[in-house]
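Please work through the exercises below with the sequence and the structure at hand. Each task is followed by a solution in steps.

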Amino acid sequence: MKLSNQTKISIVAAACLLLLAISLKNILNVPAETLSRDIILYIFIYSLFGVLPSVKEELKSDNAKYWYLAIIITTLAIIGVYAL
């Protein structure tokens, strides 16, 4: 069984969202009130990463790599904002 590119992108987005929540709470010690308020926005952003690639009829593996990169950069940018 081979996973489609959209499924792989969704898995990467879910893993990055989980990594984001863990790193913000445990590593950067963001208060729970702030994290619970902001995580709703992040869930929406990461769900868009799962939906937007399906707008195209055919998602080639080269295009999927750009989506992976966008998800990872977004995650690192959010962590960077909290680290400042």
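**Exercise 1.** Determine how many salt bridges there are, a salt bridge being a side-chain nitrogen of Lys or Arg within 4 Å of a carboxyl oxygen of Asp or Glu.

*Solution.* The count comes to one salt bridge. R37 and D38 form this kind of contact through their side chains, at 3.1 Å from N to O. Side chains of opposite charge can pair when their charged atoms come close.

The model is predicted: local features need pLDDT of at least 70, side-chain atom pairs count only at pLDDT 80 or more, and totals for chains, interfaces and linings use all residues. Residues are numbered from 1 along each chain as its sequence is written, and side-chain values use heavy atoms, with hydrogens and water left out.

**Exercise 2.** Classify R37 and D38 as buried (under 20% relative accessible area), exposed (over 50%) or partly exposed (in between), using a 1.4 Å probe and protein chains only.

*Solution.* R37 has 57% relative accessibility, so R37 is exposed. D38 has a relative accessible area of 16% and is therefore buried.

**Exercise 3.** Compare the expected span of helix α2 with the distance between its end C-alpha atoms. Helices are DSSP runs of H or I with at least four residues, numbered from the N terminus, and the expected span is 1.5 Å times one less than the number of residues.

*Solution.* Helix α2 covers residues 32-51, which is 20 residues, so the expected span is 28 Å. The end C-alpha atoms are 28 Å apart, which agrees. The buried residues of α2 include L35, I39 and Y42.

Notes
Helices (H or I, at least four residues) and strands (E, at least two) are DSSP runs, numbered from the N terminus.
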